[in-house]
Protein chains: 2
Amino acid sequence: MVQFANRMNEMKGSEIRELLKLTAKPDIISFAGGLPAPEMFPVEEMMAAAKAVMEENGRQAMQYSTTEGYPRLREQIAERMLAKNNIKTDPDHILITSGSQQGLDYSARVFLNEGDVVLMESPSYLGAINAFKCCQPKFVEVPTDEGGMIMEELDKLLATTERVKMIYVIPDFQNPTGRTWSLERRLKFMEIINKYEVPVIEDNPYGELRFEGEYLPALKSLDTKGLVVFLGTFSKILAPGYRLGWVCADTEILGKYNFMQQAASLQASTISQMETAKWIDMFDLDGHVNKIREVYGRRRTVMVETMERELPDCCKFTRPDGGLFTWIELPEYMDAKELQLKCLEKKVAFVPGASFFPNGGHTNTMRLNYSCMPEEKIVQGITALGQAIKENLR
Amino acid sequence: MVQFANRMNEMKGSEIRELLKLTAKPDIISFAGGLPAPEMFPVEEMMAAAKAVMEENGRQAMQYSTTEGYPRLREQIAERMLAKNNIKTDPDHILITSGSQQGLDYSARVFLNEGDVVLMESPSYLGAINAFKCCQPKFVEVPTDEGGMIMEELDKLLATTERVKMIYVIPDFQNPTGRTWSLERRLKFMEIINKYEVPVIEDNPYGELRFEGEYLPALKSLDTKGLVVFLGTFSKILAPGYRLGWVCADTEILGKYNFMQQAASLQASTISQMETAKWIDMFDLDGHVNKIREVYGRRRTVMVETMERELPDCCKFTRPDGGLFTWIELPEYMDAKELQLKCLEKKVAFVPGASFFPNGGHTNTMRLNYSCMPEEKIVQGITALGQAIKENLR
């Protein structure tokens, strides 16, 4: 009989992807996904960019390209990382991937043997947990509070845990909690990392989507020892359908990611890369991101205000300054999976939070997305959610 | 200090990809790559398809899609597999990947633990060896002759080798040799496979590019026990720049590939999939493949005829009925890597064959690609190659 590799015992379908099928019906108010708002996609502009690419360089766009990625796009990314994240880098330190999910997969394969330890925020991004599982590591969760990872706890864990080979973090508008680390925490984090010299995966899909407050420096911009691997993506600032992300890392580390890419998929789509680069040259990415920020910022405000009004006092939730998500902690006795079923009856969907904890538990938590529902649906959906919670209070 | 995972010790950059950088200069006659001829790409038609997609469904094309792939494209693939390979399947048994290189990567991860054995033809595709190495298997080479894998040798190896978890084969116009298995060998292969019940990866990028002779049934079409995983791709019949391949397998196995895709990259590019599906609906894929076949067939003929005229008798080479490659065996004392340097002085490039043997050796072999050089360059390049060989005869 056919035997599968041991790693397949741990690989399961993402609950979210299953849930998304369920919530694709048009009458459902879905806070479940993490989709960008399609009405914001610059369809006309991308069509113009596609036309220009095909007219000027159609044959090149349809051919194989280099592992590293399309040179012009790597230049644009390096420039943008300097402008937005104060990261001094250059195109040679950028590898373009098929979405930053691929960067997560490569990260695990570059750094993790079976049984090695990966440290991550508790909770953390489900897609990263899923990608890392393929290498069968041990997950150790670093406690967090309202301000993100608690640095004293990180220091303690690094001092007492063997075989820590990688630390995975989302310092800006974290998925799932929406929390952001202060400058003070970032500096403390780098101090600790420099002491233990463990590689860090800084996942930054939402950093540009800040609605208020000051931009804070990326960890990579504070990295003096070449320990931080920065993952970026066009999925949230342009569109996910092109599947374009990137890895920025120092030479030796990026060389390993390059080998992984040669083995795993050769390269990201040439045509996606050339169309995106052309669009950035022809149009106004900064202006586009500003528009997205405005819309998402309003939706965030409406969601938070409605939660303040409609949720009972025993619920805690985050008030994110940017990104796509907010996070609710229900009373400890309330099970978010049971609540989910009751909400689906009311045509409202969300994701129970337990999946975001690699080692389980926390059944009283849930993640809400506000980026892809119009404001009136947000009011309606949160009101229904509040009702469902109240009906289940003890 | 930063430590990398053990698997990275075995991962190296592909020699071919390094060589391709060297041979990208316009004055080099390159038989080194495996590139399709860019002058055959239907640029105008793809532009029309792209325009139609963006006008009709631009927002959907730019959004996330399902792991499995765009439904219309999966339908078209299932129909084509029936028409071209006599494989009775349906869209539910198709998973669309980012090129079939990604299918190779998933195959290794689905089936191979460290130290497990993968059987493959000797020689076999370098990109597959590279992908599989990530799982640190043991490679066992099955001897071949002019007709491909020798089935008696396969049977013997399966009877005497422990931990064989996967067999990787390219029965049609193999990369690197250009050899094709006869119907008799295919039937014998399936008989052996059914006895040992080992999963088979049938890699079929070139099957449709037959210049002469009868089409032979794919192994998957002869598969009664659900053991064969078929990998297909649009790279050679349309264009590689979209990065679209597919996996066709039975339900349980395909489910594992689906989990891998969720972890590794979520999905293939939505926009690539929708544009390709639209192009197939709007234009004539069969007619397009016929045009490619004609051009490549003529180039193959010119290369073979020139080799017959210009290579000394001590050289053996294949006369492929399709595909992109021919394979030369030099006299045993001649080193193809040394010859390569001498040929590069004459502005002619090829790939030494040793890289296609997972366990090394065979330094007197080389692979030649004929799909992307015009006929006069083929004559010129092979004449120069013949001269270089003659200059190095003992």
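1. Burial and overall form of chain A. Of the 394 residues of chain A, 66% are classed as buried. Keep in mind that this is a predicted model. Chain A contains 12 helices and 15 strands. Its radius of gyration is 21 Å, close to the 21 Å given by the globule rule for 394 residues, so chain A is as compact as a globular protein of that length. Along the principal axes, the C-alpha atoms of chain A fill a box of roughly 60 × 55 × 55 Å.

2. Long-range contacts. Take the contacts in chain A with a separation of 6 or more. Residues 24 or more positions apart account for 76% of them.

3. The two copies. Chain A superposes on chain B after a rotation of 180 degrees, with 0.0 Å of shift along the axis. The RMSD of that superposition is 0.0 Å. This is the relation of a two-fold axis. Both copies use the same surface: 100% of the contact residues of chain A recur in chain B.

4. Helix α2 of chain A. This helix covers residues 43-62. It has 20 residues, yet its end C-alpha atoms are only 21 Å apart. A straight helix would reach 28 Å at 1.5 Å a residue. There is a bend in the helix as well: α2(A) turns by about 90 degrees at A:Glu56.

5. Burial in α2(A). The buried residues are A:Val43, A:Met46, A:Met47, A:Ala49, A:Ala50, A:Ala52, A:Val53, A:Met54, A:Gly58, A:Ala61 and A:Met62. Their cover comes in part from the other chain: it includes α2 (43-62) of chain B. Helix α9 (270-282) of chain A is also among the elements that cover them.

6. Strand β9 of chain A. All 6 of the 6 residues of β9(A), residues 228-233, are buried, so the strand is largely enclosed by the rest of the structure. A:Val228, A:Phe230 and A:Gly232 point one way. A:Val229, A:Leu231 and A:Thr233 point the other way. Both sets are buried.

7. Neighbours of β9(A). Strands of a sheet pair through backbone hydrogen bonds, either parallel or antiparallel. Strand β8 (residues 200-203) of chain A runs parallel to β9(A), joined by 4 bridges. Here A:Glu202 has A:Phe230 as its bridge partner. Strand β10 (residues 245-248) of chain A pairs with β9(A) in the antiparallel sense, also over 4 bridges. In that pairing, A:Val247 is the bridge partner of A:Leu231.

8. An open sheet in chain B. Its 4 strands follow the order β11-β12-β15-β14, with antiparallel pairing. The edge strands are β11 (316-317) and β14 (351-352) of chain B, each paired on one side only. Strands β12 (residues 325-329) and β15 (residues 365-369) of chain B pair in the antiparallel sense over 5 bridges. B:Phe325 has B:Asn369 in β15(B) as its bridge partner.

9. A:Lys377. This residue lies in helix α12 (residues 375-391) of chain A. Its relative accessibility is 31%, so A:Lys377 counts as partly exposed. Beyond its neighbours within four places in sequence, A:Lys377 is in contact with A:Ile29 and A:Phe31. The C-alpha atoms of A:Lys377 and A:Ile28 are separated by 9.7 Å, although the two residues are 349 residues apart along the chain.

Definitions and conventions:
Residues are numbered from 1 along each chain as its sequence is written. Chains are lettered from A and ligands numbered from 1 in the order in which they are written. This is a predicted model: local features need pLDDT of at least 70, side-chain atom pairs count only at pLDDT 80 or more; totals for chains, interfaces and linings use all residues. Side-chain values use heavy atoms; hydrogens and water are left out. Helices (H or I, at least four residues) and strands (E, at least two) are DSSP runs, numbered from the N terminus. The expected span of a helix is 1.5 Å times one less than its number of residues. The bend at a residue is the angle between axes fitted to the seven residues ending there and the seven starting there. Buried means under 20% relative accessible area, exposed over 50%, partly exposed in between (1.4 Å probe, protein chains only). Contact means heavy atoms within 4.5 Å. Copies are superposed by least squares on the C-alpha atoms of residues with pLDDT of at least 70 in both. Two strands pair if DSSP finds at least two bridges between them. The radius of gyration is taken over C-alpha atoms; the globule rule is 2.2 Å times the number of residues to the power 0.38.
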